[in-house]
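Me: Could you take a close look at one part of this model for me, the helices that lie across the sheet, and then walk outward from there to the rest of the chain?

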Amino acid sequence: MKILPGNVMSCNLDYEVEVLSRIVSINTDVESKIGYNECAEVIAEEAGKLGLNVSIYDSVELADDSKHRPNVVAKLDVGSDLTVSLVTHYDVVPSGVGWSSDPFKLKIADGKAYGRGAADDKGAIAAALGALKLVGEKAEMNVVLIASPDEEVGGELGVGYLLNRVGIKCDEAVVLDASPEFVSIGASGVVNGWFRVKGVQGHAGYPHKAVNPIYGMARLIEGLEVFSNLRATRFSKIDSPPNSPVKKVWGRFSVTMVRSGVKSNVIPGDAEACFDMRTLPDENPMEAVEEFKAYFLSLAKNLGLNAEIYRIGVSSGYYTKPDHEFVVRFRRVISKIYGREVLIAAELGGNDGKFFAAKGIPVVSFGCIGPDTNFHGVDEFVYLRHIALVRDVILEYISTHP
Ligand SMILES: [Zn+2]
């Protein structure tokens with residue numbers, strides 16, 4: 001990693017490591033949601049000790065599974081005309097197997113802290129609390145620290161709930177769920193769904209009496225690989241993250257699941273497949289949907305197939321202009337802490353920034369998730385120096401009124 005702290009205020013991370021250790025030790029698996037209540041209580045308790053005004057908003061009322069989803073909102077009100085949201089999430093993906101040490105016991109070694117969620121995104125919670133602990137009387141803007149669940153499954157009952165149901169307000173948002181290598185000003189949208197080729201089911205001994213949809217599906221998927229190559233020639237105005245194979249964020253389309261058939265001697269009646277299309281941050285995803293539909297229908301017609309698309313889901317991306325006053329100001333602070341200029345780029349994935357952007361609130365993303373930190377993998381870790389950097393960037397940012 002090339003990042004060297006230029007002006008890190010203090011390398012003392014005792015407090016941040018203690019907080020991180022407490023919250024990593026609680027399994028907040030997004031699937032079972034087992035530790036949500038306990039983890040939210042620990043974060044609320046830590047925020048309360050710092051004198052923040054803490055509320056917990058549980059979106060359980062909207063959940064199909066009746067499981068609690070407590071959203072922690074901790075406010076610092078200094079009477080400023082400007083309020084920034086610091087956005088984090090405490091849910092994690094399942095730990096999986098094969099870890100070198102217990103994923104729910106923080107292990108410190110060689111300047112790294114290992115544990116599930118250490119990078120994504122509990123390190124950011126520790127860094128944000130660390131900044132709010134240090135800021136004291138120096139805060140020049142109001143802060144709303146958000147620690148939400150369910151980010152890993154789209155965020156509707158996390159940050160989406162806070163903005164759309166609870167009505168949390170702010171003027172700008174820093175999503176602390178990203179890389180420290182660049183300032184992210186956008187994220188790709190996601191379009192996913194299914195398509196089906198219909199045939200006629202029959203006995204495999206009498207194929208002349210059946211229409212096998214699997215061959216049609218194979219030809220259709222081949223045609224969609226051409227569509228994927230076509231989408232890859234669409235480029236955003238915004239740069240890709242460092243070390244990407246393409247300079248500008250590009251269109252991506254993948255077929256991600258295929259299924260058909262129940263028995264070796266039965267020709268199935270239909271075949272289904274799933275797709276995932278990542279749109280450009282500065283593209284209207286609905287236009288991409290229309291483009292896909294038109295391509296698909298013409299392809300199916302040319303191949304003589306009875307095929308249809310169904311269950312389309314659309315999640316918007318977002319894009320904050322690089323010359324937006326907030327982006328310029330935030331980037332200036334990072335450059336000051338790093339002691340050098342930082343790049344601007346957009347994410348290839350998505351994050352909770354979309355909920356703010358949908359309300360017209362400008363968003364930047366930045367955080368402790370270095371590209372080599374095995375986030376979502378085994379032996380996930382966070383660099384301690386990245387926690388210090390993120391803490392110091394937040395501290396400097398909230399101490400500087402424009
Ligand atoms: Zn995350």
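Reply: Happy to. In this predicted model, helix α6, residues 285–302, lies across β9, β15 and β16. Its direction makes an angle of about 170 degrees with that of β16. Helix α5, residues 213–231, lies across β9 (190–198), β13, β15 and β16, and runs at about 170 degrees to β13.

The sheet under these helices is open and has 4 strands, in the order β13-β15-β9-β16, with antiparallel pairing. Its edges are β13 (252–260) and β16 (307–315); each has a single partner strand, so one side of each is left without a neighbour in the sheet. From one strand to the next, the twist averages 20 degrees. If you would like a register to trace on screen, take β13 and β15 (residues 270–278), which pair in the antiparallel sense over 8 bridges. Arginine 252 has arginine 278, in β15, as its bridge partner.

Now a step back to the domains. The chain is divided into domain 1, made of 14–187 + 318–398, and domain 2, which covers 190–315. The centres of domain 1 and domain 2, taken over C-alpha atoms, are separated by 35 Å. The contact takes 18 residues from domain 1 and 13 residues from domain 2. On the domain 1 side, β8 (182–187), β17 (318–319) and β18 (343–347) each supply at least two of the residues that touch domain 2. The largest share of that side comes from β18, with 5 residues. Sorted by class, the side of domain 1 that touches domain 2 has 11 nonpolar, 4 polar and 3 charged residues.

Let us move on to helix α4, residues 159–166. Val159, Gly160, Tyr161, Leu162 and Leu163 are buried in this helix. The buried residues of α4 pack against four strands and a helix, namely β1 (53–58), β2 (70–76), β3 (83–89), β6 (142–148) and α8 (353–358). After α4 comes glycine 167, which has a positive phi, near 85 degrees.

There is another open sheet to look at, with 3 strands in the order β4-β5-β20 and antiparallel pairing. Here β4 (107–109) and β20 (381–383) stand at the edges; since each has a single partner strand, one side of each is left without a neighbour in the sheet. Neighbouring strands of this sheet are turned by 25 degrees against each other on average, direction ignored. Strand β5, residues 112–114, pairs with β20 in the antiparallel sense over 3 bridges. Lysine 112 has tyrosine 383, in β20, as its bridge partner. This sheet has a helix across it too: α9 (residues 384–398) lies across β5 and β20 and runs at about 60 degrees to β20.

A few backbone details deserve a look while you have the model open. The peptide bond from aspartate 120 to aspartate 121 is cis, with omega near 10 degrees, and aspartate 121 is found in helix α3, residues 118–135. Serine 66 is not a glycine, yet its phi is positive, at about 60 degrees. You will find serine 66 in the loop between β1 and β2. With 7 other C-beta atoms within 10 Å, serine 66 is exposed. Asparagine 243 is another residue other than glycine with a positive phi, near 70 degrees. Asparagine 243 lies in the loop between β11 (235–239) and β12 (248–250). Asparagine 243 also has 7 other C-beta atoms within 10 Å, and is exposed.

Finally, here is the chain as a whole. Its secondary structure comes to 9 helices and 20 strands. Along its principal axes, the C-alpha trace spans about 80 × 40 × 40 Å. The radius of gyration is 23 Å, which agrees with the value near 21 Å that a compact globule of 402 residues would have. Of the 402 residues, 45% count as buried. Among contacts with a separation of 6 or more, 78% are accounted for by residues 24 or more positions apart.

Terms used: Residues numbered from 1 in each chain as written. Predicted model: local features only at pLDDT ≥ 70, side-chain atom pairs only at ≥ 80, totals over all residues. Buried ≥ 20, exposed ≤ 12 C-beta atoms within 10 Å, placed from the backbone. Contact = placed C-beta atoms within 7 Å. Pairing = 2+ DSSP bridges. Axes fitted to C-alpha atoms, helices over the stretch in contact; angles between N-to-C directions. Domains from an automatic or database assignment. Nonpolar A, V, L, I, M, F, W, Y, C, P; charged D, E, K, R; others polar. Rg over C-alpha atoms; globule rule 2.2 N^0.38 Å.
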